[in-house]
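Biologist: I am new to this structure, so please take me slowly through one part of it, beginning with a single residue and its surroundings. After that, I would like to hear how the other parts of the chain can be read in the same way.

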Amino acid sequence: MPMGICSKFEFSDITPWSVLSVDLHPDEPWILGGFSVGSLSLWDYEERVLIDDFYPSPGSPVWSAKFVARKLWAIAGSGDKCIRVYKWYNSSEPLKVISEAHTAAVRCLAVHPTLPYLLSSSDDNTIKLWNWDKDWSPTRVFLGHSASVMHVTFNPKDTHSFASASLDNTVNIWSLDSLEPHFTLGKEHAEGHLDGVFCVEYTTLSDKPYLITGSADHTAKVWDYQTKRCIQTLKGHTDVVTAVCYHPVLPIIITVTEDATAHIWNATTFRLENNTLDLGSPRCFSVALMKDSYRVVFGCLYGPQMMTLSLEIPIASMDNTETIIFAKHNGIGIGKTTCLTMLSQGDEFTDVERLPWDFDSPIKTFDFCLESLKHSHDGQYVVVCGDGKYTIIYSSFPWKVVSSGSALEFVWSSDGGYAVRRSSSHIEIFNKNFEQKGIVTPPYSAEHIFGGTSLAISSSNFIEFYDWEKWAVSLRIDVTKARDLYCSDSGDLVAIVSDSSFKILDLNCDGDKTLSETNHDVRTGVWVKDTFVYITAVGELVCCVGRSKATRMQILRRPMSLMVCKLNASRVYLMDEEFNLFGYTLPTSLIDYKRLVLRGKLAKAAEVFTSIPKIQHKWVFLFLEDLKLAGFKCEKPEDIAKEEALWIERGYVPPGTVF
């Protein structure tokens with residue numbers, strides 16, 4: 001399903017001039033901005049104040065501004081061909097001015113993470129390497145482009161190499177040891193850019209050899225710099241792509257155009273997510289991030305705009321002991337509630353209760369960004385997935401890895417086995433000893449797989465259910481574009497979720513298997529016995545029992561993940577994007593009553609009715625009315641009385657009940 005990204009503005013400042021370049025300090029809450037009029041500004045985004053102004057090149061744009069944190073410097077590259085170095089606590093005069101650093105405008109600067117090196121690129125088609133320990137002498141001049149070099153960046157996995165983007169439509173990959181490029185991306189590639197390349201960045205989270213480029217041809221491209229091939233073209237912009245980046249924490253790519261359209265892409269599937277960031281500006285020129293941070297700052301027409309990005313629904317899973325494992329950055333944490341006092345089921349319009357809980361993070365890290373995690377059915381193992389990989393570990397100390405591999409998708413079976421989808425036509429099945437026991441090659445394109453008591457494989461128009469042991473189709477359900485599937489513990493009931501609706505099916509029913517269909521956009525859900533509990537896209541916490549209409553139990557203030565402990569099905573747990581934990585006690589008496597009525601066990605249902613809080617009687621009324629037991633429309637008080645009397649007569653509620 002689409003990855004929900006939550007964005008929240010943290011800081012902005014209105015300026016009369018365009019911010020062409022931005023940088024984030026790695027240790028202090030500071031933003032450095034370079035302006036079109038030739039000035040620099042330093043902001044504290046926590047205190048929301050302007051700290052200082054620099055005036056390196058009045059009238060000439062500052063195309064690039066960088067922090068050198070270990071030297072307490074701010075460096076500016078300007079349209080007047082100069083590079084200037086400032087101490088940020090003494091900005092009246094530059095510490096160093098490199099006049100005529102290039103023979104044309106300085107377009108980009110890149111600071112080496114450990115060595116005393118600065119790269120600069122220019123409209124004079126060259127790249128220069130400067131050594132500040134040798135009085136800023138130019139130690140290298142790199143020649144290889146035939147037009148302006150708009151961007152340079154060091155490879156974080158191999159800081160002895162770097163990449164450059166040029167208006168000659170190409171990207172060059174260089175080594176600090178050689179004055180000529182190792183190779184060029186796009187020059188003789190049919191998949192290369194059709195216009196000038198404005199920006200280039202390496203991936204930071206994944207161990208894959210990827211970099212991304214943005215171009216005046218309105219596209220961004222993801223390249224494998226080892227195979228020298230373009231692996232994906234990101235289409236969807238209608239203007240020059242001025243800035244691109246891999247997020248340092250989330251598995252996403254951000255691309256920004258000059259018209260301030262900011263797209264978010266899944267960094268694994270390269271799918272355009274539903275989120276388009278509103279930057280609050282008609283134009284955008286640059287973007288900056290910092291390691292292990294959710295913050296992103298954009299350089300815009302009327303000032304800097306900083307926002308925090310996070311997963312709308314955090315990645316978390318609960319086992320049968322109410323222990324929670326959750327994903328944060330590229331690691332997992334573990335925790336457990338220290339207080340199980342929950343919201344009373346009779347308090348209807350009260351917020352869910354925030355719970356204190358103790359957790360350790362991280363207990364284990366991975367070499368990929370986590371996109372999902374889930375306990376096995378018995379809670380003994382946890383699988384973490386991301387970047388086309390999966391790793392199975394023990395769910396308790398010492399968190400030993402028991403199996404790993406590559407897969408597009410991973411699902412557990414109810415007996416501890418699992419399946420992985422290697423491609424759209426190849427699915428492998430493993431037993432609980434991690435041994436492969438079968439392969440399924442469906443004669444159609446498998447878009448998703450789902451686990452549970454059966455292995456479900458979906459195409460664009462149907463879902464087939466396979467027996468885990470025989471690997472044969474046991475059932476086929478026609479459904480268009482299934483996004484998710486939730487299977488009850490018994491395996492009889494499934495909820496199939498599409499983009500704007502879901503249906504509940506009884507797989508053991510001989511006739512029409514559909515029990516209900518509801519026009520709700522389900523973001524996350526769990527089965528609690530025979531009841532499907534879910535959260536909608538608009539933040540409603542809802543439960544649905546069999547053929548009855550869905551009952552909205554609570555309005556949530558923010559997107560949350562949803563978890564349940566199978567051994568304690570009277571409550572659900574919720575977690576928000578800041579890893580706050582909440583609890584909600586389900587209306588279990590009401591749910592039991594509905595289940596008994598739907599099964600025809602009216603005598604038992606009437607007994608359970610007496611334990612339902614009076615404030616929930618209206619839900620019973622709506623439930624029984626929806627079953628059309630009496631046929632009244634209940635438009636008048638006397639109709640309501642007649643219907644109530646008929647329910648008593650038929651045994652749905654005890655004698656003397658008045659709604």
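Modeller: A strand here is a DSSP run of E that is at least two residues long, and strands are numbered from the N terminus. With that in mind, T531 is found in strand β51, which covers residues 531-536. Please remember throughout that the model is predicted. T531 has a relative accessible area of 1%, and because buried means under 20%, it counts as buried. Leaving out residues up to four places away in sequence, T531 touches V526, C543, C544, V545, I591 and R595.

Two of those contacts, I591 and R595, lead us to helix α1, since both are listed among its buried residues. This helix spans residues 588-598, and 8 of its 11 residues are buried, so it is largely enclosed by the rest of the structure. Besides I591 and R595, the buried residues of α1 are S589, L590, Y593, K594, L596 and V597. They pack against β51, where we began, and also against β52 (540-545), β53 (551-555), α2 (602-609) and α3 (617-626). Just after α1, G600 takes a positive phi of about 80°.

C544, another contact of T531, also helps with a question about cysteines: why does C509 form no disulfide? The closest cysteine sulfur to that of C509 is the one in C544, and because the two are 16 Å apart, they are too far from each other for a bond. C509 itself counts as partly exposed, at 23% relative accessibility. C82 can be read in the same way, for its sulfur lies 17 Å from the closest cysteine sulfur, in C108, which is again too far for a bond. C82 is buried, with a relative accessible area of 8%. The structure holds 0 disulfides.

T238 makes a useful contrast with T531, as it lies in the loop between β21 (229-234) and β22 (241-246) and counts as exposed, with 61% relative accessibility. Apart from neighbours within four places in sequence, T238 is in contact with H218 and D259. Its C-alpha atom is separated by 9.5 Å from that of E258, although the two residues are 20 places apart along the chain.

Turning to sheets, one open sheet is formed by 4 strands in the order β46-β47-β48-β49, with antiparallel pairing. Its edge strands, β46 (484-487) and β49 (514-518), each pair on one side only, and the twist averages 15° from one strand to the next. Within this sheet, β47 (residues 493-497) is joined to β48 (residues 502-506) by 5 bridges, and V497 stands opposite F502.

A further strand worth following is β40 (residues 426-430), in which 4 of the 5 residues are buried, so it is largely enclosed by the rest of the structure. It pairs with β39 (residues 418-423) in the antiparallel sense over 5 bridges, with E428 as the bridge partner of V420, and a hairpin joins β39 to β40 through 2 residues. β40 also pairs with β41 (residues 436-440), again in the antiparallel sense, over 4 bridges, and here F430 stands opposite Q436. The hairpin formed by β40 and β41 has 5 residues between the strands, and F434 in its turn has a positive phi of about 70°.

F430 and F434 belong to one aromatic cluster together with Y381, Y390, Y394, F410, W412 and Y418.

Across the structure, the count comes to 32 aromatic pairs. One of them is the tilted pair of F35 and W43, with 6.0 Å from centre to centre and 55° between the planes; F35 is buried at 2% relative accessible area, and W43 is buried at 1%. W73 and W136 form another tilted pair, with 5.7 Å between centres and 35° between planes. Because W73 lies in strand β7 (residues 73-78) and W136 in the loop between β12 (126-131) and β13 (137-143), this pair ties together parts that are 63 residues apart in sequence. Both W73 and W136 are buried.

Rings also meet charges, as the charged end of R107 sits over the ring of W63, 4.1 Å from its centre, and that of R476 sits over the ring of F462, 3.6 Å from its centre.

Key: Residues numbered from 1 in each chain as written. Predicted model: local features only at pLDDT ≥ 70, side-chain atom pairs only at ≥ 80, totals over all residues. Heavy atoms only, no water. Phe/Tyr/Trp six-rings, centres within 6.5 Å; stacked < 30°, edge-to-face > 60°. Buried < 20%, exposed > 50% of the residue type's maximum accessible area, 1.4 Å probe, protein only. Lys NZ or Arg CZ within 6 Å of the ring centre and 35° of its normal. Disulfide = S-S within 2.5 Å. Pairing = 2+ DSSP bridges. Axes fitted to C-alpha atoms, helices over the stretch in contact; angles between N-to-C directions. Contact = heavy atoms within 4.5 Å.
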